Every structure is written in structure tokens, then in C-alpha cells.
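Here are my notes on this model, written as numbered points. Please read them with the structure open beside you.

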Amino acid sequence: MPAPREAAIENRLWSLDEAMPRSELRALQARRLRETVERAARVPHYRDALLKAGVTPGDIRSPGDVRRLPFTTKEDLRANYPFGMLAVPRSDLARVHCSSGTTGRPTVVGYTAEDLETWANLCARFLVAGGLKPEHMVHVAFGYGLFTGGFGLHYGIEKVGASVVPASSGNTERQIMLIRDFQSDALICTPSYALNIAEVAREGGLDPRQLSLKIGHFGAEPWTEEMRNEIEMQMGLYAFNNYGLSEVMGPGISGECFRRDGMHVQEDHFLVECLDPETLEPVSPGSNGELVITNLTKQAMPVLRYRTRDICALDDSPCACGRTGIRMGRIFGRTDDMLIIRGVNVFPSQVEEALLKVEGAAPHYMIEVDRPGALDEMTVRVEMKAAQFSDMISQVQALRERIQRAIYGITGLHANVELVKPQTLERFTGKARHVNDKRKDKRRP
Ligand code: AMP
Ligand code: ZN
């Protein structure tokens, strides 16, 4: 039998700083914020922006003073392509990464040797919080390259003292062979790729629950609790969520502890705000808003109040694990992923949540939005599970209605639901794409 999912994950801290009393943490944040503003002022973009905002490093006395600082957007980073946002000479860089995104200029991020050391420790923290031990063998199926996922996790795993299998992405059969033959204990990839691995294993006659995987650290794309249950059920491992974005650091900004009730933000390195994306005022505690992050320790390329576009809620209630970092809930969606269909705001994560509640629907779907006449139409193409497919032909209509009802229950919208055969929708090795908005092509330039 596979490792029992209930296997207790020991509550261990990588660093005592994770449990720093909040008063101490706030004093540290204030000092580090002031130092960051000093460093940022070396960057022409920030020198101008700080001047315009009328703020000097000396004005920063508490973490709350972050609200006096200018925001940074992806466009600012693009406008300063490639190295205009560096606060150190280019010769001080130890490594360069880029954010994902396939069109236009990439967003370039730089790291000094000290930044890489910090980053590895931040990844080590959440890996250990999620059960990684030095004796583990870890299969990394995140892409190695400009994307921060592969290298970021790689050095974190080495820091913990575990063994890394730097498999990178692609060639799923080979990945499965390596996981099986090396008896890997942990899997690192996007949640959608974990499901892909499980599926390909089954097709090859191997029950993924028979693999030796005990834990999975997944991130880099939005996923739901329903998706976590699905992965755990299919793979017999214990799945943890972690979050990051390249503009601020990469993975390691936050991650779950054994309680898996939100991801602890590593607040001694990142100052987070949760703001209304329209008014840019803080949302009420516990409400969803846009996450805005300020680096506190980054040397090469500190960013001030970076508008992540990621929507989530923050929870500052104490956690039983002893970590004092505030917890962020799952990323509900991105402001730029939000679909407006007949005036109703819909996030792909809501559709995923709805259809995974329905027995017989596989976690593979594509949302198509179009405006054939005057009104928007949403079509959700959903794969049926192979097991049910053969004996469900007669029940297709019933299944379609159940999915329609579930989507209506969560979004308030009537979607056309098309059920497709198992194995027909596209699979992804990295970040999955779930939306095709045809209305975009129809808009006038
Ligand atoms: P990149 O900088 O290219 O790695 O992309 C970072 C983006 O990936 C973030 O801004 C989020 O939109 C998304 N992302 C990363 N981790 C997670 C996660 N655990 N849950 C949801 N979305 C995530
Ligand atoms: Zn905790």
C-alpha cells in the first residue's frame, strides 16, 4: 500500500525566525524596509518615483509607512528591460531569471550571490514545513531555465540536505520511470502536471499510488482544494501549496505548514498588503484583495509595492504550528484572469471548484467564452473520467446537468457544458491554460 495520507507530518522549523514574536518582527520589518528604500533609491526609476511621492528613506519608521511608497507594476519592469531596475552593478549579479509569459519582452530579474543564499533558505523553510527531510529523494519536474521554479526549488532542497533529481519538465513516461526506479519520496511541479503524471502512469499500467511518493509541493498556478483532494486520492501523497512570483523572488514567498490552512508569508523578507485593486486601499481583514508585495532583503533588484494581480485573503490569526507569519489563502485568481460574462465576474478557479464537486467529471477542462450575438456565452468543455465513461453513456445528460447546476451554484451563470471523451483535452507540463476568450479577437483594435 502507498504511504498513508494521514502520515503525520512532523512540525519542524527550518529557522527560529519563522516563529519570531510579532512585535520583534515588526521592528525588523521597519528596519529592513528603510534599508530597502535606501537601496531602491539607487535605481533611477525609484529615485524619480520616490521624489514624486516626496518620501526619503528617513521617513520610514514603521512597516505601515510602506503606504507612502510608490507602486511598481509589470509595465515598470518591462519599460526598464533588461537591467534598468538593478540596484547593484551588473557585474554583481550571480544569476538572472525571467517571469513566464510568452509574448513581448520578458520581465528580467537579477540576484546577487547573497540573494541566492536567501532564496535557498526561504525555499528550505516551506519545504521543511511541508514534511521534507534530509533523507528524502526529491523529483523536480518544474522546468529548469529562465523560469524560477526549477532552480529555486533545487537549491532549497539541497539546503535541506535532501537529494535532488533535477528531471525538469517534459517526457512524462521517463519522469515516471525515474520516480519509480529512484523510489523518490517527494514530487515538485505544478498541480496540473502532477495529475498528468498520475494519468500517464495509469495508462502505462502503473497505479501512481504504488509509487513511493509521500509528499508533493505544488505551486506556480492557481488550484483549488478539490484539485488537492483529487491529486492526493490519485497519487497517495500529501500535497502542499506554495506561492511565489519571479518579480519579487520566485517560489519561497509563502508556503503551507502541516495544518494546511493558508500559506505562511515569510514576513521577515516580504511585506505584504491586501488592497482593493480599484481604490488601492486596504480591504477589510479576511476579505479578498490584490496582493501587493515589497521586498525587505533583496539586494540586486528590490521592488517596492509590487502589484502582483493575484487575488487572495490574508489571515493574521495565530497558527498552531508556532509560525508567526500571516497566512494567505489560496490565490482565487488573477485580476487579469477574471472573466466578465454578461456582467458577472467569474474566475476559472470557481469553475474548477464547481466541476470537481461532480462525480464523473475529470479535472481537465477548458472554458471558452464567446459573443456569437449580442450576449456572452460560456462553454465549459469537461472531460469525463475514464472509469465512468463506458457505463455513463446513458447518463451523459444527467452528468451534464449536474455540472451545469454546480457551475450555476457557484458563479450564478448558465454555462453550456460539453462533455468530451477521456484524454481529449490538452495536457500541460508547466502552467496549465484553462481559458480561451474568443471575444478578445473580436474587439476592435
Ligand atoms: P512566475 O513569476 O512566472 O513564476 O508566475 C508567478 C505567478 O504564478 C503568480 O503571480 C501567480 O499568479 C501564480 N502562482 C504562483 N504560485 C501559485 C500558487 N501556489 N497558487 C496560485 N497561483 C500561483
Ligand atoms: Zn502554521
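1. Start with Arg334 and ligand 1. In this predicted model, an N or O atom in the side chain of Arg334 is 3.2 Å from an oxygen atom of ligand 1. Ser246 also offers its side chain: a polar atom there lies 2.7 Å from an oxygen atom of the ligand. With Asn242 the backbone takes part, since one of its polar atoms is 2.7 Å from a nitrogen atom of ligand 1. On its own, ligand 1 has 510 Å² of accessible area, and the protein covers 93% of that.

2. Which residues come nearest to ligand 1? They are Ser100, Asn241, Asn242, Ser246 and Asp310, out of 18 residues around the ligand. By type, the shell consists of six nonpolar, seven polar and five charged residues. Strand β7, residues 238-245, supplies five residues of the shell, the largest share.

3. Next, the aromatic rings. A pair of such rings is described by two values, the distance of the centres and the angle of the planes. The model has six aromatic pairs. One of them joins Tyr144 and Phe151, with 5.1 Å from centre to centre and 70 degrees between the planes. This pair is edge-to-face because an angle over 60 degrees counts as such. Tyr144 has 23% relative accessibility, so it is classed as partly exposed. Phe151 is also partly exposed, at 26%.

4. Two arginines sit over rings. The charged end of Arg330 is 4.6 Å from the centre of the ring of Trp223. Arg260 lies over the face of Phe240, and here the distance to the ring centre is 5.8 Å. Arg260 belongs to the loop between β8 (250-256) and β9 (263-265). Its backbone deserves a look too: Arg260 is not a glycine, yet its phi is positive, about 50 degrees.

5. Ser168 also has a positive phi, near 60 degrees, and is a residue other than glycine. Look for Ser168 in the loop between β4 (163-165) and α6 (172-182). Is Ser168 buried or exposed? Its relative accessibility is 17%, and the limit for buried is under 20%, so Ser168 counts as buried.

6. Another backbone feature is at Tyr81 and Pro82, which are joined by a cis peptide bond with omega of about -10 degrees. Pro82 is placed in the loop between α3 (74-79) and β1. Strand β1 itself covers residues 95-98 and contains Cys98. Cys98 is buried, with a relative accessibility of 10%. From Cys98 to Asp337 the separation is 239 residues in sequence, and their C-alpha atoms are 20 Å apart in space.

7. Where is Arg228? It is part of helix α8, residues 225-235. A charged side chain may suggest an exposed position, but Arg228 has 1% relative accessibility and therefore counts as buried. Its side chain makes a polar contact of 3.0 Å with the side chain of Glu225.

8. Last, Lys133. This residue is in the loop between α4 (113-129) and β3 (137-140). At 25% relative accessibility, Lys133 is partly exposed. Val382 is 249 residues from Lys133 along the chain, and 38 Å separate the C-alpha atoms of the two.

Methods:
Residues numbered from 1 in each chain as written. Chains lettered and ligands numbered in written order. Predicted model: local features only at pLDDT ≥ 70, side-chain atom pairs only at ≥ 80, totals over all residues. Heavy atoms only, no water. Near = heavy atom within 4 Å. Polar contact = N/O pair within 3.5 Å; in protein donor to acceptor, adjacent residues only side chain to side chain. Areas by Shrake-Rupley, 256 points an atom, 1.4 Å probe, with all protein chains shown as cover. Helix = DSSP H or I, 4+ residues; strand = E, 2+ residues; numbered from the N terminus. Nonpolar A, V, L, I, M, F, W, Y, C, P; charged D, E, K, R; others polar. Phe/Tyr/Trp six-rings, centres within 6.5 Å; stacked < 30°, edge-to-face > 60°. Buried < 20%, exposed > 50% of the residue type's maximum accessible area, 1.4 Å probe, protein only. Lys NZ or Arg CZ within 6 Å of the ring centre and 35° of its normal.
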